[in-house]
Structure formats: C-alpha cells, structure tokens
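Trainee: I would like to go through this model and ask, term by term, how each label is earned.
Mentor: Go ahead, and I will set each value against its cut-off.

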Amino acid sequence: MSLKQAMAGECGLQFFGKMTASISHEIRNVLAVLNENAGLMEDLLLMAEKGRPVDQERLKALARSMGQQIHRGDGIVENMNRFAHEVDQPVKQVDLNEAIGLLVALSGRLAGMRGVTIEPVCEEEVLMTTNPFFLENLLWCVVDFAMPLMGEARVLKIISERSETGVRIRVSGLENLEQAVRDRFPSKREQALLESLKAECAVDVTAGEIVISLPKKIDPVYSGDPTGE
Amino acid sequence: MKIRVLLVDDEEEFVQALAERLSMRDYDATTSLSGEDAVEKLRQYNFDVVILDVRMPGMDGTEVLREMKKIKPLTEVIMLTGHATVESAIDGMRQGAYDYLMKPCKTEELVEKINKAHEKKAEHEARIRDAKVKEIISSPQAALRED
C-alpha cells in the first residue's frame with residue numbers, strides 16, 4: 001500500500017467517524033422527541049384517569065407526530081445503512097447524483113449547524129465506475145473547506161455533469177477563494193483522495209467554484225484494491 | 001410563585017412537548033428555538049432555570065451560556081447534550097452551568113435537576129439580600145446606592 005493510499009484510508013476513517021457521530025446525534029434527537037411525545041401522552045391519560053376529560057384530537061395529533069418521527073428516524077437509518085455499504089466493493093458502478101444525494105443527506109445537519117444549505121443540482125443521469133466511499137469523502141472534504149467561504153446566500157451548490165473526458169462536479173457559490181486556496185487547498189488528504197480516484201481539481205476564482213474532474217471509469221487497483229478484484 | 005424555566009433547543013417538537021409537560025407539573029415554561037432568541041428572551045425577562053441544548057445551528061450552547069452568565073449571572077443553566085461525549089457539557093459546567101443531562105432524558109431526573117438548580121439560585125439570592133441588609137444596617141447611606 002502506498003503512502004497516499006494509507007493517507008486516503010486514514011482520511012476515510014475520519015470521514016466515517018464524523019458522519020457516524022452526526023447520524024447518532026440525529027437519531028438521539030428523534031428519540032428525544034418520541035420520548036417527550038410518549039411522556040406527554042402518558043401525562044394526558046393519567047390526568048384523564050383523575051377526571052380531567054381527555055382531548056382526543058390532542059392524542060391523535062401526538063400519535064401522528066410520533067409516526068412522523070419514526071418515519072424521520074427510518075430515513076436516517078436507511079442513509080446510515082447505505083453509507084455503511086459504500087465500502088463493500090472498492091470500485092463499482094455509481095450513480096453520481098445518488099452519491100451526491102447521500103452525502104447531502106448525511107452532512108445536512110453539519111452544514112445546518114454552520115448556517116449553510118447544500119443544494120444538489122443534477123440535471124442529467126451521470127453513471128460512472130469509481131470508489132463511492134472515496135468519492136463521497138472527497139466531496140465532504142471540499143464541502144467542509146467551502147463552508148466558511150460562502151457568500152451571503154449561504155447556499156452551496158453541488159452540480160454534477162458529464163464532460164468530454166468523463167464526469168465533472170462543480171462546487172459553487174464561494175467567495176474569497178484565492179487566499180483560502182493558496183493557504184490550504186487541496187491539502188495532502190485531498191491530494192491522496194484525488195490520486196486514488198484518478199481525479200483532478202481546479203479552482204475557478206472568478207466563478208467562485210471548485211471543479212473536480214473524474215474519469216468515467218477507474219481501474220480497481222487505483223482505489224485501494226491491489227488485487228484488482 | 002412558579003419556577004420560571006426557559007427551554008432552548010432547535011428541535012421544535014421536543015421543546016413544545018417538554019414545555020407542555022413542565023406546565024402540567026406547575027412550572028412556568030417558555031420555549032426558544034435558537035441561541036440568539038434565548039439570549040434576547042433572557043435580556044427581557046427573568047428566568048430561574050434555563051435548559052440549554054449544547055448543539056444548535058448559529059450560536060451554539062456554549063456561546064449562549066457565556067452570554068447568559070454575563071446578562072443574568074444568577075440564572076442557573078442545565079446543559080442538554082445529544083452527544084455520547086460529556087466533554088462539551090463539562091466545558092459548560094466549567095463556564096458556570098449548574099449541571100447537564102443526556103438526551104433523551106427521564107422527566108423525573110430533569111424535574112429534580114430543575115428544582116435543585118432553582119434552590120441554588122434562591123439560596124444565592126437570599127445571601128445577596130442578607131448581605132445588602134447587613135450593609136444598610138451598618139451604613140444607612142448604602143440604601144441610596146444603585147445596584
């Protein structure tokens with residue numbers, strides 16, 4: 001294993017930890033709402049036992065709200081499951097828009113904490129053969145770097161498109177890129193991920209964009225699977 | 001007089017249900033969905049105890065705690081954390097928070113902590129009143145001084 005691959009692997013563990021911690025926080029929030037709603041329902045029923053008439057509409061609203069929270073929790077767990085399975089195969093066919101959608105769902109709370117909304121812009125189907133975990137990790141690194149550089153709108157767009165040589169992802173809506181890029185982007189961890197994905201990164205200061213160009217297909221040997229299987 | 005509690009959390013359904021449950025237990029509960037709003041409410045009104053989520057968009061719990069302690073140093077704050085780690089809550093306690101609770105929390109535990117926090121605030125206020133009375137007795141001009 002090369003030093004770059006080892007670095008990409010270490011960066012991957014950090015990424016996995018960050019996303020898992022955020023997911024666990026979201027699940028706890030769902031459980032906290034369910035806990036209070038269940039407690040409130042119990043309080044209302046106890047008061048009914050003591051003679052205060054129970055408001056049936058109130059109980060129905062609480063049951064509805066609990067159902068919505070369960071649905072919310074189910075969505076979070078489904079995303080977590082999809083994320084966990086991204087490492088099953090080092091290289092596979094990936095729907096880029098789905099991969100971006102998953103990253104947006106996983107990192108939405110972290111972005112929200114920083115007052116940023118991430119908006120995927122996917123106008124065409126983009127299929128590619130790549131390492132989905134490294135791809136999502138690279139996207140997170142770019143998003144994490146980009147969030148402090150947002151303009152007033154606080155909307156970070158991730159635009160996916162086909163290019164002459166493969167696939168392009170544009171992370172758009174950034175300001176003051178020149179100084180920030182000169183100081184710290186791409187760092188060694190992003191370089192390791194770019195190399196593992198056979199990707200290139202360019203910065204368009206005027207357009208306020210970071211542009212990642214990826215091949216439509218990579219060989220498994222480039223992406224952490226030395227056997228090529 | 002009812003104990004005045006300010007509940008601060010960006011999960012709207014959570015604070016609303018909790019506020020309703022505390023009202024049923026005879027607390028005067030007010031809700032706030034952001035740190036900025038909570039600080040503003042604390043400037044305008046008096047609360048005995050604040051239940052404060054550590055992690056919120058915008059101004060987070062630790063920042064809110066710092067501001068609150070500047071505005072109303074005697075108001076007791078209980079930190080609410082959704083994280084498995086307690087570092088953020090311990091950090092809050094170093095900065096003057098009374099205690100912390102992990103989400104989701106048991107109502108009895110929360111109520112007990114609110115009551116104890118209120119007792120602490122009431123004792124502190126009583127000591128300040130006593131000190132003022134002693135000062136006035138020893139120097140009657142002290143009564144004319146502004147707080």
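Trainee: What share of the 229 residues in chain A is buried?
Mentor: In this predicted model, buried residues make up 31% of chain A. A residue earns that label if 20 or more other C-beta atoms lie within 10 Å of its own. For chain B the share is 37% of 147 residues.

Trainee: How do you know whether chain A is a compact globule or not?
Mentor: By its radius of gyration. A compact globule of 229 residues would have a value near 17 Å, but chain A has 22 Å. The C-alpha trace of chain A spans about 75 × 45 × 30 Å along its principal axes. The box for the C-alpha atoms of chain B is roughly 50 × 30 × 25 Å.

Trainee: What are the elements of each chain, and in which order do they run?
Mentor: Chain A has six helices and seven strands, in the order α-α-β-α-β-β-α-β-β-α-α-β-β from the N terminus. Chain B has five helices and five strands, and its order is β-α-β-α-β-α-β-α-β-α.

Trainee: How many of the contacts in each chain join residues 24 or more positions apart?
Mentor: In chain A they account for 75% of the contacts with a separation of 6 or more. In chain B, 60% of the contacts between residues at least 6 apart join residues at least 24 apart.

Trainee: What makes a residue of chain A part of the side that touches chain B?
Mentor: Its C-beta atom must lie within 7 Å of one in the other chain. By that test 17 residues of chain A are in contact with 17 residues of chain B. The elements giving two or more residues to the chain A side are α1(A), residues 3-49, and α3(A), residues 96-113. α1(A) gives the most, with 13 residues. The chain A side divides into five nonpolar, nine polar and three charged residues.

Trainee: Why are the buried residues of α2(B) said to be on the same side of the helix?
Mentor: The helix covers residues 35-44 of chain B, and its buried residues are Gly35(B), Ala38(B) and Leu42(B). They are on the same side because they cover an arc of only 60 degrees around the axis. The face turned away from that side carries the exposed residues Arg43(B) and Gln44(B). What covers the buried residues includes β1(B), β2(B) and α3(B).

Trainee: Why are α3(B) and α4(B) called roughly parallel?
Mentor: Their axes come within 10 Å and cross at roughly 10 degrees. Angles under 35 degrees count as roughly parallel, so the label applies to α3(B) and α4(B). In this contact Gly61(B), Thr62(B) and Leu65(B) of α3(B) meet Ser88(B), Asp91(B) and Gly92(B) of α4(B). Those residues divide into one nonpolar, four polar and one charged.

Trainee: Why is Thr206(A) called exposed?
Mentor: Thr206(A) has 7 other C-beta atoms within 10 Å, and a residue with 12 or fewer is exposed. Its place is the loop between β6(A) and β7(A). The C-alpha atoms of Thr206(A) and Asn176(A) are separated by 9.6 Å, although the two are 30 residues apart along the chain.

Trainee: What makes Asn176(A) partly exposed?
Mentor: Asn176(A) has 13 C-beta neighbours inside 10 Å. That falls between the limit of 12 for exposed and the limit of 20 for buried. Arg154(A) also has 13 such neighbours and counts as partly exposed.

Trainee: What is noted about phi in these two residues?
Mentor: Phi is near 50 degrees in Asn176(A) and near 60 degrees in Arg154(A). Each is a positive value in a residue other than glycine. Most residues other than glycine have a negative phi. Asn176(A) is in the loop between β5(A) and α5(A), and Arg154(A) is in the loop between α4(A) and β4(A).

Trainee: Where are the cis peptide bonds that join Phe185(A) to Pro186(A) and Lys103(B) to Pro104(B)?
Mentor: Pro186(A) is in the loop between α5(A) and α6(A). Pro104(B) is in the loop between β5(B) and α5(B). Omega is about -10 degrees for the bond in chain A, and about -10 degrees for the bond in chain B. Most peptide bonds are trans.

Terms used: Residues are numbered from 1 along each chain as its sequence is written. Chains are lettered from A and ligands numbered from 1 in the order in which they are written. This is a predicted model: local features need pLDDT of at least 70, side-chain atom pairs count only at pLDDT 80 or more; totals for chains, interfaces and linings use all residues. Two residues are in contact if their C-beta atoms, placed from the backbone, lie within 7 Å. Helices (H or I, at least four residues) and strands (E, at least two) are DSSP runs, numbered from the N terminus. Ala, Val, Leu, Ile, Met, Phe, Trp, Tyr, Cys and Pro count as nonpolar, Asp, Glu, Lys and Arg as charged, and the others, Gly among them, as polar. The arc is that of the directions from the helix axis to the C-beta atoms. The radius of gyration is taken over C-alpha atoms; the globule rule is 2.2 Å times the number of residues to the power 0.38. Axes are lines fitted to C-alpha atoms, for helices over the stretch in contact, and angles run from 0 to 180 degrees between N-to-C directions. Angles under 35 degrees count as roughly parallel, over 145 as roughly antiparallel, 65 to 115 as roughly perpendicular and the rest as oblique.
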